[in-house]
Structure formats: structure tokens, C-alpha cells
Amino acid sequence: MNSNTPQPVTFKPSGPLTGKISVPGDKSISHRALILSALAVGKSRITGLLEGEDVLATAAALRAMGARIEKAGDVWTVYGVGVGGLMQPDNALEMGNSGTSTRLLMGLVASHGITATFIGDASLTKRPMGRVIDPLSQMGVDIQARETSDHKSCLPLTVRGLCPAIPIEYRLPVASAQVKSAILLAGLNTPGITRIIEPVLTRDHSETMLKGFGAEISVETDAEGCRVISLTGEAELQPQKIKVPGDPSSAAFLVVAALIVPGSNIVIENVGINPTRSGLFEVLQTMGGDISFKKKRTVGGEPVADIYVKHSSLTGIDVPANIAPSMIDEFPVLFIAAAMASGETTTCGLHELRVKESDRLSQMAKGLAQLGVKLTEKEDGMVIEGSGGKPLSGGRTKPVIETALDHRIAMSFAVAGLATKSGLAIDDITPVQTSFPGFQELITALISQ
């Protein structure tokens with residue numbers, strides 16, 4: 001057997017989770033902190049940056065386009081080239097598994113006079129990029145992508161930037177912070193006003209951080225209740241000192257683990273609780289989860305708190321579709337909580353989960369069925385009949401869960417393993433490094449305290 005072949009890793013019940021820990025930096029903020037620092041004129045300092053593979057892919061691409069990025073201890077220093085100052089990369093930009101890197105950097109390149117080719121791993125090359133290509137094309141940018149048999153535009157793709165690009169007004173057809181951010185980044189080097197109409201609120205880190213860097217940006221509400229974001233280019237960004245809070249999407253796995261493992265009582269320090277990201281915590285509280293937020297403060301324009309979590313008896317609910325944008329990445333681990341709750345949990349409006357790193361609805365349904373969970377998979381959601389707090393089964397042998405190289409599938413079932421009768425095996429835990437380095441070690445530390 002090839003020594004490089006990933007070996008299954010088993011997660012099994014090992015007692016309550018207790019103690020006080022912190023999670024790695026917020027992935028969304030880390031990407032944006034690097035990108036905007038690279039566009040500022042001068043030296044920016046970033047602490048708490050997530051050093052997962054996805055964020056490192058963004059850093060490598062920015063270096064390839066002329067930004068100087070250095071690391072000393074916990075401090076990342078970025079010497080920006082200024083808006084409009086990006087250089088032609090010598091080689092294709094390797095995005096690995098990072099859809100965020102790809103979509104945001106497509107917008108960044110779009111209004112610069114350079115050409116960049118984006119490539120990625122087997123998982124990323126299957127993810128559709130059309131929703132970003134459409135608005136950037138309206139700005140006059142030439143984008144050539146690989147077309148699949150089902151007419152999806154995928155990697156590898158080449159963006160031939162246009163300088164100056166054409167400012168547009170664009171109404172988001174689907175709720176997507178990545179698409180919104182790509183347009184805003186393109187608008188930074190585009191003369192005039194680039195305007196985005198957002199019918200459904202999505203995470204607002206880009207708007208908050210752009211304002212902090214000195215961009216001329218405004219957010220209003222129109223007569224229909226939509227958010228209207230207006231950005232004036234050509235922008236001049238000022239270097240900043242940024243402290244990245246802990247990632248709520250990473251904290252989510254530990255929160256659910258503590259809720260479903262009897263006797264658990266944990267504190268997760270310094271977690272971002274931006275309202276556009278906190279939907280999971282609201283849903284879990286509605287289900288009866290004992291979750292509280294203490295030492296609330298604001299760091300770099302972002303709300304932060306320590307999260308206190310105790311084991312709880314959960315009850316199934318109907319999860320409203322309008323909350324999906326504020327927790328879209330957390331639905332896989334919510335499904336684990338639902339599997340341990342009493343009664344039925346229903347979800348809908350989750351088409352987006354079909355086009356993530358994997359088809360997350362399908363992968364979660366398949367894995368939960370292996371654990372004996374009764375469920376119905378629908379086109380845009382799932383109905384799950386919970387166990388009422390009883391350990392999940394899966395039969396006489398430990399099931400091996402297929403992750404489809406998806407980090408959130410892997411971590412969700414790792415959490416589920418703690419609430420099984422005899423444990424379960426994850427076929428490949430290595431994708432977790434994209435967003436949550438040290439995940440296994442943190443779980444072990446909480447169990448051993």
C-alpha cells in the first residue's frame with residue numbers, strides 16, 4: 001500500500017468535554033485581511049490569522065502578484081502594492097481546495113491590467129464559477145472557463161483583467177458573500193460607483209473591512225428592504241493593524257460536541273459573533289441548547305465574545321429558510337445535532353449545499369443513514385428524526401464515513417463519533433487542514449481535561 005494513502009481515523013465516545021480553549025482565526029476575515037492589506041499602500045500587521053491551507057493559498061497568490069508577505073511568530077506583515085498595483089503572475093495561481101480564494105481573487109484580478117489562470121484540486125475543479133463570471137463579465141472582463149457536460153463553468157479558468165473596468169449595478173440572484181465580495185474587489189480599481197443590491201443579508205466582513213481600510217463605501221436599505229452597497233473607485237486604501245477573531249464556523253463543531261456529549265461543559269474564547277454568521281447558535285438555542293455569550297466586545301469592527309456551552313437535551317424544530325445565509329457552512333454539523341435531538345428537525349432552502357466542496361446534503365444523508373438515523377433527503381434540505389439523546393448506532397461494526405474530501409463533512413462526523421455506541425471511522429481527515437488545523441488535538445484536549 002502507498003504510504004501516502006490516507007488511513008481512516010476513528011472517533012469514539014470518550015467521556016465529557018470540559019475546559020477552556022480557543023479556535024483558529026476566522027477564515028473569511030483572514031482571506032479578506034490579506035487581500036485588502038495587499039492593496040493598501042504601506043505595511044499592515046495581522047495577528048490571529050488562520051494558517052489553514054485555504055488562507056495560505058490566498059497568501060501565495062498575492063505574493064505571486066507582487067505583494068510582500070512575511071510571518072514572524074504570530075504576526076503576519078503585508079507590504080501592499082496599492083490598488084491597481086498588482087503585477088502579472090509568472091505561473092497559474094494554485095487555489096488548492098479554496099473556493100473563497102478563487103472567487104475573491106477573480107474579482108481582484110478583474111479590474112487590473114493583468115491575466116491570471118486559476119487552477120485547483122479535484123474537488124475545486126468541480127465547483128461552478130458561473131455566478132462570479134456573470135457580474136465580472138458585465139464589467140467588461142474576459143473570462144474563459146472550462147465548460148462541463150452539464151453547462152457549468154469551472155476551473156481551470158483564465159481572467160483577463162480590464163483596466164479600467166466598467167462600474168455596474170448588480171442585483172444578487174442568490175445569497176452569496178463570495179460573489180458580493182468579488183464584485184466589491186473589482187470595484188476598488190474601477191472609476192465610478194459599483195453598486196450591489198442584496199435582497200438577502202449575507203456575511204458583511206467585506207463591507208466592514210473595506211470601510212476600516214478607508215474605502216468610500218456606504219450601505220443603505222431601499223424601499224423593498226434590500227441592502228444597497230455602493231463603492232466608489234478608484235480607492236486608496238490605508239494600511240491597518242488587524243486582529244482576527246476565532247472562527248464561529250470552527251467553534252460550531254465544538255459547540256455541538258459539547259451539547260450532545262453528556263456531562264460536557266466548555267468555554268470557547270474570543271469567537272466572532274457577527275450577526276451575519278451566528279445563525280447556528282440561534283438555532284441551537286431554539287432547540288434547547290445551553291449556550292451563552294460572555295465578555296462581549298468589539299475587535300476591529302467585529303463583535304467578539306466567549307461562548308459557554310453545556311450538555312443539553314435538544315428538541316427538533318423547523319429551521320426557517322431565511323436563516324440559511326447566516327449559517328450555510330454550519331448545516332452539516334447542525335444535522336448531527338438534529339440526529340441527537342428529540343423529535344423531527346426540518347430544513348429547507350439549502351440548494352447552496354449541493355455546490356460546496358462536495359454535495360453536502362447527499363454526503364451527510366449517506367453518512368447519517370450509516371449511523372441508523374431516520375431521514376428524508378430533499379432537493380433543498382433534509383428531514384431528520386432524532387434519537388432523543390440516545391447514542392447513534394450504525395450496526396455491529398464501526399462504519400467508515402466517506403468525506404468526499406470535504407473538511408466540514410469530516411469534522412461533522414468526527415463530532416458524531418463522540419455520540420455513537422462504538423465509534424466511527426472517517427475515511428480521510430486530512431481535508432480538515434484547509435480550515436481547522438489542530439482540530440483533532442483540540443477535541444483530545446477537551447476530553448482529557
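For the residue classes used here, Ala, Val, Leu, Ile, Met, Phe, Trp, Tyr, Cys and Pro count as nonpolar, Asp, Glu, Lys and Arg as charged, and the others, Gly among them, as polar. With that in hand, here's a tour of this predicted model, beginning with its open spaces.

**Pockets and the cavity**

The second largest pocket comes in at about 270 Å³. It has 14 lining residues, and those closest to its centre are Ser123, Lys126, Glu357, Ser358 and Asp359. Sorted by class, its lining holds seven charged, five nonpolar and two polar residues.

The largest pocket has a volume of about 700 Å³. Its lining runs to 42 residues, with Ala175, Ser176, Ile328, Glu352 and Lys356 nearest the centre. Two or more lining residues come from each of H1, helix H3 (99-110), H5 and H11. Which of the elements gives the most to this lining? That's H1, with four residues. The class split here is 16 charged, 14 polar and 12 nonpolar.

Then there's the enclosed space. Searching the whole structure turns up one cavity of 30 Å³ or more, and about 60 Å³ of space lies inside. The residues around it are Arg32, Ile35, Leu36, Leu104, Ser181, Leu184, Leu185, Ser206 and Leu210. Helix H1 (27-39), helix H5 (177-188) and helix H6 (205-212) each put at least two residues into that lining. By class, the cavity lining has six nonpolar residues, two polar and one charged. So H1 and H5 turn up twice: they contribute to the lining of the cavity and also to that of the largest pocket.

Here are the three spaces side by side:

| Space | Volume | Lining by class |
|---|---|---|
| Largest pocket | about 700 Å³ | 12 nonpolar, 14 polar, 16 charged |
| Second largest pocket | about 270 Å³ | five nonpolar, two polar, seven charged |
| Largest cavity | about 60 Å³ | six nonpolar, two polar, one charged |

**A three-stranded sheet and its helix**

Now for the strands. One open sheet has three of them in the order S1-S22-S21, with mixed pairing. Strand S1 (9-11) and strand S21 (400-401) sit at the edges, each pairing on one side only. Packed on this sheet is helix H11 (residues 407-417), which touches S1, S21 and S22 and has a direction about 160° from that of S22. H11 is also among the elements lining the largest pocket.

How do S1 and strand S22 (residues 424-426) pair, parallel or antiparallel? They go antiparallel, over three bridges. Within that pairing, Thr10 has Ala425 of S22 as its bridge partner.

**Pairings around S15**

Strand S15 (residues 265-272) pairs in the parallel sense with strand S2 (residues 18-22), over five bridges. Ile21 is found opposite Ile268 of S15. S15 also runs antiparallel to strand S17 (residues 302-310), with six bridges joining the two. In this pairing, Asn265 faces Lys310 of S17.

**Helix H8 and its cover**

S17 shows up again next to helix H8. Which residues of H8 (residues 279-286) are buried? They are Gly279, Leu280, Phe281, Val283 and Leu284. As a general point, an α-helix has 3.6 residues a turn, so residues three or four places apart point the same way. The cover over the buried residues of H8 includes helix H7 (248-260), strand S16 (290-299), S17 and helix H9 (331-340). Just past the end of H8, Gly288 adopts a positive phi of about 105°.

How values were computed: Residues numbered from 1 in each chain as written. Predicted model: local features only at pLDDT ≥ 70, side-chain atom pairs only at ≥ 80, totals over all residues. Heavy atoms only, no water. Pairing = 2+ DSSP bridges. Contact = heavy atoms within 4.5 Å. Axes fitted to C-alpha atoms, helices over the stretch in contact; angles between N-to-C directions. 1 Å grid on protein atoms, 1.4 Å probe; cavity = no way out; pocket = protein on both sides within 12 Å on 5 of 7 lines; lining within 4 Å. Points joined across faces, edges and corners; volume = space filled by probe spheres on them. Buried < 20%, exposed > 50% of the residue type's maximum accessible area, 1.4 Å probe, protein only.
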